[in-house]
Amino acid sequence: MISIKTNNLTKKYKEKTVVNKLNLEVNKGELFSLLGTNGAGKTTTIKMLTTLILPTDGEITIQDKDIKKQRMQIKEIINISPQETAIAPNLTVQENLEFMAGVYQIKDKKEKIRELIKLFKLEEVLKQKAKTLSGGWQRKLSIAISLINNPEILFLDEPTLGLDVIARRELWNVIEELKGKITIILTTHYMEEAESLSDRVGVMVKGKLITIGTPKELIDKVDAKNFEEAFVKIVTGGEE
């Protein structure tokens, strides 16, 4: 089943085309990474897919729902963990989870919070104010909050940006546990992260989606030694 589909998706700001006729299909339960250098159009694409901005042209369907006609229904089945850690700094970890469960009017609130505490291993920091947490714990809490409404599709925008190696690996383990259960769209500048976690990868250059494949397929396609080299070859025009 196709979870996300775009047809000639385009976004222009005055005369500047930021996303140019992007055609994409993401399968249900897949972890799909959208990669590209700064200014490639990734962030604008994510903003359109998450209903934050509307396209200039083209179509988006999320779980067979049209983004222009069924925007509110789509909002109910998606969530996003943004680059900027989305937590209330003066609330404890427990209070953050309870507050967001209230915002989303979660029916089995206590059970859902228990589930997220277990998944993210938050027991030891539950009573700490969010602002006192390390960067790794803050990211874990931010992602936990984005799962509070049981989204069918989760957008992870640079989830491990600025984290140390241990904190990054711990988050990878959590993301691995989510794979297959929900559809995940990941943006990252860490090639090792994309290679390790992704079922498939799409690479954007100057607003265009120029190639899609598994990490191994892209390595083989441009005859690269590793995934990072493959990415560099693709974005610099080494791919024919």
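The exercises below concern a predicted model and come with worked solutions.

Residues are numbered from 1 along each chain as its sequence is written. In this predicted model, local features need pLDDT of at least 70, side-chain atom pairs count only at pLDDT 80 or more, totals for chains, interfaces and linings use all residues, and side-chain values use heavy atoms, with hydrogens and water left out.

**Exercise 1. Confidence**

Task: State the mean pLDDT of the protein chain, and find where confidence is lowest and highest.

Solution.
- Step 1: pLDDT is the predictor's confidence in each residue, from 0 to 100.
- Step 2: The chain has a mean pLDDT of 94, and 99% of its residues reach 70 or more.
- Step 3: Helices (H or I, at least four residues) and strands (E, at least two) are DSSP runs, numbered from the N terminus.
- Step 4: Confidence is lowest in H6, with a mean of 92, and highest in strand S3 (residues 31-35), with 98.

**Exercise 2. The nonpolar cores**

Task: Describe the largest nonpolar core and say which element gives the largest share of it.

Solution.
- Step 1: A nonpolar core is a set of buried Ala, Val, Leu, Ile, Met, Phe, Trp, Tyr and Cys residues joined through side-chain atoms within 4.5 Å.
- Step 2: Buried means under 20% relative accessible area, exposed over 50%, and partly exposed in between (1.4 Å probe, protein chains only).
- Step 3: The largest core has 37 residues, and those touching the most other members are Val93, Leu97, Phe120, Leu122, Leu141, Leu147 and Ile148.
- Step 4: Two or more residues each come from helices H3 (93-103), H4 (109-119), H5 (135-146) and H6 (165-178), and from strands S7 (153-157) and S8 (183-187).
- Step 5: H6 gives the largest share, six residues.
- Step 6: Another core, of 25 residues, lies apart from this one and includes Val19, Leu24, Ile60 and Ile77.

**Exercise 3. Two residues with positive phi**

Task: Locate lysine 14 and glutamine 63, and decide whether lysine 14 and glutamine 63 are buried or exposed.

Solution.
- Step 1: Most residues other than glycine have a negative phi.
- Step 2: Lysine 14 has a positive phi of about 55 degrees, and phi of glutamine 63 is near 50 degrees.
- Step 3: Lysine 14 is in the loop between strand S1 (2-13) and strand S2 (16-27); glutamine 63 is in the loop between strand S4 (57-62) and strand S5 (65-66).
- Step 4: Lysine 14 is exposed because its relative accessibility is 80%.
- Step 5: Glutamine 63 is buried because its relative accessible area is 8%.
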